[in-house]
Amino acid sequence: MAAGTGRARRAAWVWALCGAIGCEAAPAPAQGLGAPADVAASPGAPPAEPAAPAEVHALLPWLDPDAGSAVYSRIDVEVDLEALGRLFAVPPRAGHLLRDIQAFRAGLAALMDGVGPAPATWLRDEALAYLPPIAHSPYLVFGLRRTRAEVEGYLRAAGLRAEVIEGMTTYSPLPGGDAQAGPADALPVHHAPATAFPWRVVFLEDDVIGCLSLREIGGGLGPLTAARDLPASELEVQLSRGFAEDPEMLLDMVVSGPMLSLDISDDVGAIRLGVRRWDRTGVDGELILQPLGEPDAAVKQLEARRPALETDAVRELYERIAFTPEPPVVRGRLQLAAADLRLLKASEAG
């Protein structure tokens with residue numbers, strides 16, 4: 001009962017905060033992040049129960065019910081998510097979610113080089129990342145294009161060792177890549193050291209894998225099994241609804257703070273970043289940021305950003321974002337055409 005009460009209070013706090021900064025609905029082309037569509041029509045009517053999402057996305061049911069920070073993305077994998085986050089002034093704690101999605105994909109691609117097909121051919125574009133309450137590293141969830149048997153063969157070929165933990169099949173690198181970690185005939189010819197690929201991969205379903213950082217002290221499968229065994233949180237319901245109701249939605253991130261920002265002098269209480277498809281090949285992104293100081297001061301600092309490590313073309317994108325103070329929050333809006341997105345390719349972004 002105590003765990004359930006804590007979970008309910010945490011969800012209520014997160015969504016009360018998000019409600020205060022306009023987090024309820026997915027971004028719309030002209031109005032941005034607006035009010036929920038199911039607000040009661042009559043002033044005295046009791047609040048309606050949250051409507052069930054029209055479509056359940058395969059990855060979202062694996063969101064830890066205790067997590068108050070998450071991102072679900074189906075943006076083209078060639079777009080550098082971390083660079084996109086920097087562009088929209090996402091604080092480092094929130095950017096960690098985006099960075100680890102890319103780091104896992106890049107690390108897996110390095111392991112598969114020369115021993116199997118590129119992960120881009122058997123991992124789906126969709127990705128879920130979330131932070132459990134006491135975790136420092138995000139948990140990741142990906143969908144698979146190939147059969148489980150094929151993917152398990154790829155992971156073995158990449159040098160990962162299989163074991164069963166809490167009844168779930170996992171694949172992880174050998175500690176330090178030490179050939180003495182097990183019998184010679186039990187080891188793959190090519191073995192992957194944990195220093196090169198610090199992730200444990202677990203099969204959640206035949207077509208869904210979860211990933212947790214081996215650098216997380218005390219990290220285990222608990223957040224993933226909690227997602228399997230417990231009812232959906234309000235965060236999961238809201239994300240599912242947003243993607244079900246808006247087929248153009250590409251990314252939705254909700255992160256609760258307080259968080260240190262590299263772009264403003266005050267800490268950030270919460271953010272929401274929504275990105276949707278625009279003009280067929282471009283994207284329309286909107287940030288809602290709650291500074292713990294004055295929104296007007298935050299806007300001035302955001303408008304004065306001049307990133308030293310970006311190219312001139314990318315710096316021009318920074319100058320195009322329109323930031324507006326709407327106390328107690330700041331809104332940022334930017335539309336990126338296909339040519340702009342090419343500047344944020346994973347191989348080219350700063």
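Q: What makes the buried residues of α7 a packing face, and which strands do they pack against?
A: In this predicted model, the buried residues of α7 pack against β12 (282–291), β13 (322–326) and β14 (329–336). Contact here requires heavy atoms within 4.5 Å. The residues concerned are Pro 295, Ala 298, Val 299 and Leu 302, in a helix that spans residues 295–303. They cover an arc of only 100° around the axis, and therefore lie on the same side of α7.

Q: Why is Glu 310 called buried or exposed?
A: The relative accessible area of Glu 310 is 9%. Buried means under 20%, so Glu 310 is buried. Its place is in the loop between α7 and α8 (312–320).

Q: What makes the approach of Glu 310 and Tyr 318 a polar contact?
A: The side chains of Glu 310 and Tyr 318 are joined at 3.4 Å. The limit for a pair of N or O atoms is 3.5 Å, so the pair counts as a polar contact.

Q: Which strands does α8 lie across?
A: Helix α8 lies across β13 and β14, and runs at about 130° to β14.

Q: What makes β6 and β13 edge strands?
A: The open sheet has 12 strands in the order β6-β7-β8-β9-β5-β4-β3-β10-β11-β12-β14-β13, paired antiparallel. Strands β6 (161–165) and β13 each pair on one side only, and are the edge strands. Between neighbouring strands of this sheet the average turn is 20°, direction ignored.

Q: How do you know that β3 and β4 are paired?
A: Strand β3 (residues 69–73) is joined to strand β4 (residues 123–131) by 5 bridges, and the two run antiparallel. Pairing requires at least two bridges, so β3 and β4 qualify. Within this pairing, Ser 73 has Ala 127 of β4 as its bridge partner.

Q: Which strands does helix α5 lie across?
A: Helix α5 (residues 222–229) lies across β4, β5 (139–144), β7 (168–172), β8 (199–205) and β9 (208–213), and runs at about 60° to β5.

Q: Why is the pair Lys 345 and Glu 78 called a salt bridge?
A: The N to O distance between these side chains is 3.9 Å. The rule asks for a separation within 4 Å, so the pair qualifies. Lys 345 lies in the segment after α9 (338–342) and Glu 78 in the loop between β3 and α2 (81–87), so this pair links distant parts of the chain, 267 residues apart. Lys 345 is partly exposed at 27% relative accessible area, and Glu 78 is partly exposed at 46%. By this rule the count comes to 17 salt bridges.

Q: What makes Arg 148, Glu 152 and Asp 206 one network?
A: Glu 152 forms a salt bridge with Arg 148, with the closest N and O atoms 3.3 Å apart. Both residues belong to helix α4 (residues 148–157), where being 4 residues apart separates them by about one helical turn. Arg 148 also forms a salt bridge with Asp 206, with the closest N and O atoms 3.2 Å apart. Asp 206 is in the loop between β8 and β9, so this pair ties together parts that are 58 residues apart in sequence. Salt bridges that share partners thus join Arg 148, Glu 152 and Asp 206 into one network.

Q: Why is Glu 152 called buried, whereas Arg 148 counts as partly exposed?
A: Buried means under 20% relative accessible area, and partly exposed runs from there to 50%. Glu 152 has 18% and is therefore buried. Arg 148, at 23%, is partly exposed, and Asp 206, at 49%, is partly exposed as well.

Conventions
Residues are numbered from 1 along each chain as its sequence is written. This is a predicted model: local features need pLDDT of at least 70, side-chain atom pairs count only at pLDDT 80 or more; totals for chains, interfaces and linings use all residues. Side-chain values use heavy atoms; hydrogens and water are left out. Buried means under 20% relative accessible area, exposed over 50%, partly exposed in between (1.4 Å probe, protein chains only). The arc is that of the directions from the helix axis to the C-beta atoms. A polar contact is a pair of N or O atoms within 3.5 Å; within protein, one must be able to donate a hydrogen and the other to accept it, and residues adjacent in sequence count only if both atoms are side-chain atoms. Axes are lines fitted to C-alpha atoms, for helices over the stretch in contact, and angles run from 0 to 180 degrees between N-to-C directions.
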